[in-house]
Amino acid sequence: MKQLFLSVVLFGYHLLAAQKVNQCGIIIPPRSTQSNFQSVYEARNYINTMLDSINWKENFTIQEQNGINNAYATIIRNRRYIIYDNDFLENLDGYAGTKWASVSVLAHEMGHHYRNHIIDTKGSTPPKEIEADYFSGYVMAKLGATLNEARAAMEQIASPRASATHPAKADRLSAIAKGWDYANGIASASPTTPTPQPQQNPPPASNDASWIYLSLYGNNEMTVYLSDNGRDFTAAPLKTTQPFVFKFEIYNYGWLRFSNDSRARTHKIMHAKDYAIIWSRRTNSWTVIEVP
């Protein structure tokens, strides 16, 4: 069954009658010829770059659907989709005066997938949008955008007032700034005395204990292989300096092995658990242990 999560950076009713909104209250940017957002292939490249920047090995299907004046995250037949209107992104870039605007929209939608907002089928809520905004700010910083570039889309199309489904513009801009600061190792938003912090992947939601923290104990980085179904494994590079934080796609468990070989030992790992990868002198091999 098709599950839609209408979202994007988009949101709320604008006070100026001259600006158009769609049926979801999204402010539609005026038509522009200043942008050149090419195709679904370009969107796919942006998504791949974002995934690389946060060390996340998700596989998205990117689909263009012109005429919707929007972008949204969804799950169709257990596959993750990001669907967008190419004209909408072009117009948004021209309206905001930077191509980072369309990139931030894609990052926002990826944030809904990263936080698994679509699984509950309840649609948009202000907390979900704030988390996706934070994620967008984080990813924009990882890609090299300035704070102004990271917030460019939201500055133009967010509603100044909150609704039942979306936060107010000021709260959204603040969430983007916090994500951007976090990616740059800044603990507070103070422009005068920033405190350096270790760079990390975006943390899971504070009220969500179902994420898995996979930590590597050793002297070198390594690659493990993770699977939702026990058959198709995806490489996950691990660093000794930070945990690999993730959820499995559909179930609350999955499998890990140390080589992409069907004969390799497979370890079952569960959501809401923390695990450590250590070298066992008894077996002379790497092993996975649950951390209490």
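Reader: Just after helix α2, what value of phi does Gly 97 take?
Author: The model is a predicted one, in which local features need pLDDT of at least 70 and side-chain atom pairs count only at pLDDT 80 or more, whereas totals for chains, interfaces and linings use all residues. Residues are numbered from 1 along each chain as its sequence is written, and side-chain values use heavy atoms, with hydrogens and water left out. Helices (H or I, at least four residues) and strands (E, at least two) are DSSP runs numbered from the N terminus. Just after α2, the phi of Gly 97 is positive, at about 80°.

Reader: At the start of α2, to within what distance of the backbone nitrogen of Asp 87 does a side-chain oxygen of Asp 85 reach?
Author: Helix α2 spans residues 86–96, and the approach in question lies at its start. A polar contact is a pair of N or O atoms within 3.5 Å, where within protein one atom must be able to donate a hydrogen and the other to accept it, and residues adjacent in sequence count only if both atoms are side-chain atoms. The side-chain oxygen of Asp 85 comes to within 2.9 Å.

Reader: How many of the 11 residues of α2 are buried?
Author: Buried means under 20% relative accessible area, exposed means over 50%, and partly exposed lies in between, for a 1.4 Å probe and protein chains only. The buried residues of α2 include Phe 88, Leu 89 and Leu 92, and also Asn 86, Glu 90 and Asp 93. The helix is mostly covered, and its count of buried residues is nine.

Reader: Which element gives the largest share of the largest nonpolar core?
Author: A nonpolar core is a set of buried Ala, Val, Leu, Ile, Met, Phe, Trp, Tyr and Cys residues joined through side-chain atoms within 4.5 Å, and the largest one has 41 residues, with Ile 47, Phe 60 and Met 110 among those having the most contacts inside it. Elements that give two or more residues to this core include α1 (40–53), β6 (79–84), α2 and α4 (126–143). The largest share, seven residues, comes from α3.

Reader: Which residues does Ile 47 touch, not counting residues up to four places away in sequence?
Author: Contact here means heavy atoms within 4.5 Å, and Ile 47 is one of the residues with the most contacts inside the largest core. With residues up to four places away in sequence set aside, Ile 47 touches Phe 60, Ile 62, Ile 82, Leu 106 and Met 110.

Reader: What is the distance from centre to centre in the aromatic pair of Trp 56 and Phe 60?
Author: Rings of Phe, Tyr and Trp (its six-membered ring) pair if their centres lie within 6.5 Å, and planes under 30 degrees apart count as stacked, over 60 as edge-to-face and the rest as tilted. Both Trp 56 and Phe 60 are buried, and ring pairs link them with Tyr 114, Phe 135 and Trp 211 into a cluster. The pair is edge-to-face, with 80° between the planes and a centre-to-centre distance of 5.7 Å.

Reader: Over the ring of which residue does the charged end of Arg 257 sit?
Author: A charge sits over a ring if NZ of Lys or CZ of Arg is within 6 Å of the ring centre and within 35 degrees of the ring normal. One such case is Lys 268 over the ring of Tyr 253, 4.3 Å from its centre. The charged end of Arg 257 lies 3.6 Å from the centre of the ring of Phe 233.

Reader: Why is strand β7 described as largely enclosed, and in β13 which residue is the bridge partner of Leu 216?
Author: Four of the five residues of β7 (residues 212–216) are buried, so the rest of the structure largely encloses this strand. Two strands pair if DSSP finds at least two bridges between them; β7 and β10 (residues 244–246) are antiparallel over three bridges, with Ile 212 partnered by Phe 246. Four bridges join β7 to β13 (residues 274–280), and these two run parallel. In β13, the bridge partner of Leu 216 is Ile 277.

Reader: With the side chain of which residue does the side chain of Arg 80 make a polar contact?
Author: Arg 80 lies in strand β6 and, at 3% relative accessibility, counts as buried. Its side chain makes a polar contact, at 3.4 Å, with the side chain of Glu 58.
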